[in-house]
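This report walks through selected features of one protein model, beginning with a pocket and moving on to a helix and some backbone details. Please keep the sequence and the structure in view while reading.

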Amino acid sequence: GPRVGEAFMDALGALHAVNWQAARLADFGRPAGFLERQVTRWTRQLESYRQRPLPDLDAVAAWLTAHRPPDAPPALIHGDYHLDNVMFAPSLPPRVIAILDWETATIGDPLIDVGLSTALWPDPSDGDLPFGQSLSRAAPGAARLGTRADLASHYARVTGRSIERLPYYQALGLFKLAAILEGSWARHVHGAADDPFFVHLEEGVPAMARRARALSGA
């Protein structure tokens, strides 16, 4: 039931509570100007291999540039927090026992993680993202796991952080992921990648851009 989503966000709250200064991680990232760099960096990367018009993604980029919130107090962040990157205990009640794949971890705005994890969480009203989601709205029992608003509210309760600007972070998380995946699509188009997953990105990247635009209201 909904406790799966709550356990998922409890683990994220625990990660963000890590005292990264005491853990001697001060050199692990550059938190100053973290948000300011994101859209410029990923737009530049997208343009380096863009193969096709992506009007929804362009609209999201413009909206993100115009609506950037002030920097939040930094935390240790995962950078790619979603269901495929956590491991639950084999017994009930639901409990995350491991967070996997730390390649994108850094010191930055913790709402980056909240934005991506909730944006990828399937709401009943969503269209599915047409590639490899570990949880889709059509999955058995998915409707009982709670909505992305439920997850965000639980995170706010357990951490005391404001989620008032969450749509910004949801749109940013999907914008960044779509930009990365468009690179995989470009390699597929040029015959430089044979991963069968990449064929789904023809529809998958535009679908992710549509969701990002809908969440932001851009």
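In this predicted model, the second largest pocket holds about 290 Å³ of space. Its lining is made up of 14 residues, and those nearest the centre of the pocket are Phe 34, Gln 38, Arg 41, Thr 106 and Lys 176. Two elements give two or more residues to this lining, namely helix H2 (34–49) and strand E4 (106–108), and H2 gives the most, with 5 residues. Sorted by class, the lining of the second largest pocket consists of 5 nonpolar, 5 polar and 4 charged residues.

Thr 106, one of the residues nearest the centre of that pocket, belongs to strand E4. Thr 106 counts as buried because its relative accessibility is 16%, and buried means under 20%. The side chain of Thr 106 reaches the backbone oxygen of Phe 28 at 3.4 Å. When neighbours within four places in sequence are left aside, Thr 106 is in contact with Phe 28, Gly 29, Phe 34, Ala 75, Leu 76 and Ile 77.

Helix H7 spans residues 201–216, and its 16 residues reach 22 Å from the first C-alpha to the last, which is close to the 22 Å expected at 1.5 Å a residue. Among the buried residues of H7 are Leu 201, Gly 204, Val 205, Pro 206, Met 208, Arg 211 and Leu 215. Against which helices do the buried residues of H7 pack? They pack against helix H3 (55–66), helix H4 (111–119), helix H5 (148–159) and helix H6 (166–189). Just after H7, Gly 217 takes a positive phi of about 80 degrees.

Two residues that are not glycines also have a positive phi, and the table sets out their values.

| Residue | Phi | Location | Relative accessible area |
|---|---|---|---|
| Arg 24 | about 60 degrees | loop between helix H1 (3–16) and H2 | 79%, exposed |
| Asp 101 | about 60 degrees | loop between E3 and E4 | 41%, partly exposed |

Arg 24 counts as exposed because its relative accessible area is 79%, and exposed means over 50%. Asp 101, by contrast, counts as partly exposed at 41% relative accessibility, since that class lies between the buried limit of 20% and the exposed limit of 50%.

A further backbone detail is the cis peptide bond that joins Leu 92 and Pro 93, with omega at about 0 degrees. Pro 93 lies in the loop between strand E2 (86–88) and strand E3 (96–99).

Technical notes: Residues are numbered from 1 along each chain as its sequence is written. This is a predicted model: local features need pLDDT of at least 70, side-chain atom pairs count only at pLDDT 80 or more; totals for chains, interfaces and linings use all residues. Side-chain values use heavy atoms; hydrogens and water are left out. On a 1 Å grid over the protein atoms alone, a cavity is a set of points where a 1.4 Å probe fits but cannot get out, and a pocket is an open set with protein on both sides within 12 Å along at least five of seven lines; lining residues have an atom within 4 Å of a point. Grid points are joined across faces, edges and corners, and a volume is the space filled by probe spheres set on the points. Helices (H or I, at least four residues) and strands (E, at least two) are DSSP runs, numbered from the N terminus. Ala, Val, Leu, Ile, Met, Phe, Trp, Tyr, Cys and Pro count as nonpolar, Asp, Glu, Lys and Arg as charged, and the others, Gly among them, as polar. The expected span of a helix is 1.5 Å times one less than its number of residues. Buried means under 20% relative accessible area, exposed over 50%, partly exposed in between (1.4 Å probe, protein chains only). Contact means heavy atoms within 4.5 Å. A polar contact is a pair of N or O atoms within 3.5 Å; within protein, one must be able to donate a hydrogen and the other to accept it, and residues adjacent in sequence count only if both atoms are side-chain atoms.
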